[in-house]
Amino acid sequence: MSTTNRRKPNTKRADEQVARTDETGEGISRRKFFALLGASAAVASAAGCADYQDRGKIVPHNKRPNEARPGEIVRYASTCKLCSEACGLLVKTVDGRPVHVEGNPDHPISGGKICERGQAAIYDLYDPARVRNPKRVGGGKYADVGWKDVDDAVAKAFDADDERKIFLFARPDASPSLNKYIRELKERRPNVETIFYEQFSQTSRTRAWKRCYGEGSAFPSIKWDEAKVVLALDSDLLGAEIGKVERRRLFAKTRDVGRTVNFSRLYAVEGAATLTGFFADERIRLRPEFAFDLALALVNEIANVRNESTVPLSSELYDIAKTYTLAKVAEESGVDAKKLRRVADDLTGARGKAIVYAGDALPERVHVVVNLLNAMIDGERLYRKNAIDAREPAADLATLKRAADAMRKGEAKLAIFWNVNPAYDLPADLKFAEAIEKTPTTVALAALENETTKRCDFLAPIHHELECWGDANPRSDVYSLRQPTIRPLYDTRQAEDALLSWTAARVNGERPTFAPNAFRDLVKAYWKETVHPLAKSAPFKAFWNAALRAGVVRVTPKEEAEYLIRRENLAEAMTPRKKREGLTLIVAPSYALGDGALANNGWLQELPHPVTKITWDNHASLSKATAEKLGVATGDMIEATIDGRSATLPVLVQPGLADGVIAMETGYGRTDCPVVAEKVGTNVNPLVASDESPFVITGATAKKVAGSYPLAATQDHYAFDDPLSKDRHTEREIIQEGALADYKRNPAFLHEGWEPHMYQIYDPHDYPEEKWGMAIDLNKCIGCSTCVAACDSENNVPVVGKEEVANGREMHWMRIDRYYGGDPDEPRTSYQPMLCQHCDAAPCENVCPVVATTHSVDGLNQMVYNRCVGTRYCSNNCPYKVRRFNFYDYRRMLADGYYEGESMELKRNPEVTVRSRGVMEKCTFCVQRIQDERYRAAAEGRALDAANVRTACQVACPTDAIIFGDLNDENSAIAETRKHELGYAVLKEMNTKPNVTYVAKLRNTHSEDA
């Protein structure tokens, strides 16, 4: 998507767009570095928001096209492929190199938002550890070879005259073009078996849905923005689960303080401590093995006790449900029965506007009961009829087990692993490492070395996603395109091009030569044949160009889905859970790293965990009671064991965890990988087995073992048993909040009793034109840290490493403070983004001896890096502690200069200074974006439009909790928010006059809790 096409169009063919870059496999030389800086002419075929123009081949700057201007920003629309959610992207490029990624606002699913992983993943494009040319692997060592060697080995295996299996393992892909080709390939070659899998998938949800609604049905999109009551049943639906981007965006619309009559109520019933649970209005601690019991008890309560179900139960379902009651669940689990009855009250009271959502990790039988429960409360009204899941379902563990067995038995002749790592992330009892070694020919399509590539015969390096073509059809009404935004940096191939080359039909017994744009042509042909007729638009060429500009096309499905639950198939799935004595292990994906595929990304390793604030590690989270029972404290080592499998982790005593639960995250403990990821944290995958519910494991034991382990957290200042610090965040009114009922009775309740006594010894600043300010709505902020990741990317924030984080020297310009109140079993959790407040009476400004920090005419607290001498007086005088000091040149310091590699220089945003050692840095309100609007306004002969300025954190915030603008414009959203009854300034008694306003959080609790 380009914003620069205002000149005469280039008439060169779009078909000649993506040129090969470096067939030699060499690294980035100085000459090549400067050539890449000038690649802006044609980093992709497409173009953008303005008139489309073909861009021709990529050329170096010594042949720069007339329409390209040095330093000009060009944006391209694309699609994220980090997961099957397939969010829309806008990729910002400067001089032909991507430097920042944001969401595409035209995308109907993601709506201009992407997750924290998407924000940081651009780092992987320039990762110095990227494999730059093909490798032969033997004895765990890599040796350079050419692509011909790889092609010949695959062709030999593929064309062998026998019927042994050919396996392709890959991540679930929403690409309709690729999936169509694979279906055709299987028809042509029946011995080819494609297995799309991901470590954390929705296979249980999918099986349950098909059981309830028919084999041909698919899970619908949910109208989260219309839900009045949401019950998250052991589901981190706003945190780490698939589909979180859309859910965050839509659910936030129900927390608008301007429409409190439509304020939603969120219940979270969970055993671990999740982002969703800590944001919920009411959180109930419950071990996950009781999720099935609770769901059936709610069915019994609504259908049998209250007789309020819209779906009559069959006799079989009645007999099953009547043995489960809320009182019995409360007694067995230790939960207050009154809380459970409240849940039932609200689900029936909000009939048609209530939804129950079970977690991805829960077994099929729980999802079956939840589907029934939603039908009983008319929750089906919240299902969209014309927007169902169109993605190919992920393979279940039974399918993976059959494949591993076949490989170990010699029934496979070729296995291709495309961007997956089964030797690390699949259950140990599948013995995938052994299966790989017993397959005659194995090839890994990967960008980085990993545990699987080391066991294969060949490592075939692939393009980064920003170097690729592709498409996606995540939902029946949405198609999107992926396009390259930079020419390939190394001698790599697009994985789809390699697969098409290897699997193409032979012509006269000869395999066709490799075509670098084969998949692009396949995508274009599919869109011409399938998508274009659905769109009912202009001729195909114009349609294709428009689709590339917008990045997404919305269509009307041929038919709408109907939801009529089939009760006759449900009883057989409702088998009681097997009760096992002992502890319960909960294994979840890392918020930052997911399944570990992004573990070499330093930004994500250093992104604080939204709940624990731990960086650079995983850990075993225990409740206070469980920790005391095991005799451990934070930092001690614990060994968790289940059925002979064990893992040893450091302990974190975590408020809010259910007793008897050990919660941990995967994605860590990597080996045979690049240096940033290697041996960071502990691999907990050995605890996982391929049974009914592999990530909720009952019957475990744990014991304290020798040693201790330091955990590096960005925040640990809370204490429940210290009267001097307990609840200080509310006593000092850093966090202000109240009950929704209180606000409705008295909208001015927040400021009652406040008598300002503000004296100013300096004359106030005059702001004749703009005065920039920000507002953050704590009703919408879920604490996810997406804004932190976006700020890191936009402002060239360095990675400092675990040791420096432990020293309190993390460099994030923005942080998400997490506060606990109440008691450690039932903590009241609050989140607050904290950044430079850009105070009108800034305490930092009058103590700087060299006037490095100054006040601008438009209200910004500025930092003049060249003037700073590092006295740090400003930081000492800042009550908000939002300034960061460069104690070291962290790019050179981390991992022996890992992030000082030449490729990383391409990543730097040229609009923001790369700070040297020994200076203070902090949030600037993205002053570079303000200046960009000033320049554009001057060039176009108009006044500055503050609405055109959006900070990186504001754009990234998935819930639109951040508002930025001109406070002098009384009609602006920021001015209105600043005057809201719930608006307040942090530490207002300090009289610093901050220009950041917080909107106090309202908790939609029951009246007796208000």
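This report describes the overall build of a predicted model, then one small sheet and one buried residue.

**The chain as a whole**

The protein chain holds 31 helices and 39 strands. Its radius of gyration is 28 Å, which agrees with the value near 30 Å that a compact globule of 1010 residues would have. The C-alpha trace extends over about 90 × 75 × 65 Å along its principal axes. Of the 1010 residues, 63% count as buried. The chain exposes about 38,000 Å², and carbon and sulfur atoms supply 48% of that area. When contacts between residues at least 6 apart in sequence are considered, 76% of them join residues at least 24 apart.

**A sheet of three strands**

Strands E17, E18 and E19 form an open sheet in that order, with antiparallel pairing. Strand E17 (470-475) and strand E19 (552-554) are the edge strands, each of them pairing on one side only. From one strand to the next, the twist averages 20 degrees. Strand E18 covers residues 478-482 and runs antiparallel to E17, to which 4 bridges join it. Within this part of the sheet, Arg 475 stands opposite Val 478 in E18.

**The surroundings of Asn 995**

Asn 995 is located in the loop between strand E37 (983-984) and strand E38 (996-999). Is this residue buried or exposed? Asn 995 counts as buried, because its relative accessibility is 0%, whereas the cut-off for burial is under 20%.

The side chain of Asn 995 takes part in the two pairings tabulated here.

| Partner of the Asn 995 side chain | Distance |
|---|---|
| His 838, backbone oxygen | 2.7 Å |
| Asp 840, side chain | 2.9 Å |

For His 838, the distance runs from the backbone oxygen to a polar atom of the Asn 995 side chain. With Asp 840, the polar contact is one between side chains.

Which residues are in contact with Asn 995, leaving aside its neighbours within four places in sequence? The stretch Lys 771, Trp 772, Gly 773 and Met 774 is part of this set. Gln 837, His 838, Cys 839 and Asp 840 also belong to it, and two of these, His 838 and Asp 840, reappear in the table. The list is completed by Gly 859, Phe 925, Leu 967 and Arg 978. Asn 995 thus combines 0% relative accessibility with a polar contact of 2.9 Å to the side chain of Asp 840.

Definitions and conventions:
Residues are numbered from 1 along each chain as its sequence is written. This is a predicted model: local features need pLDDT of at least 70, side-chain atom pairs count only at pLDDT 80 or more; totals for chains, interfaces and linings use all residues. Side-chain values use heavy atoms; hydrogens and water are left out. Two strands pair if DSSP finds at least two bridges between them. Helices (H or I, at least four residues) and strands (E, at least two) are DSSP runs, numbered from the N terminus. Axes are lines fitted to C-alpha atoms, for helices over the stretch in contact, and angles run from 0 to 180 degrees between N-to-C directions. Buried means under 20% relative accessible area, exposed over 50%, partly exposed in between (1.4 Å probe, protein chains only). A polar contact is a pair of N or O atoms within 3.5 Å; within protein, one must be able to donate a hydrogen and the other to accept it, and residues adjacent in sequence count only if both atoms are side-chain atoms. Contact means heavy atoms within 4.5 Å. The radius of gyration is taken over C-alpha atoms; the globule rule is 2.2 Å times the number of residues to the power 0.38. Accessible areas come from the Shrake-Rupley method with a 1.4 Å probe; for residues, only the protein chains shown count as cover.
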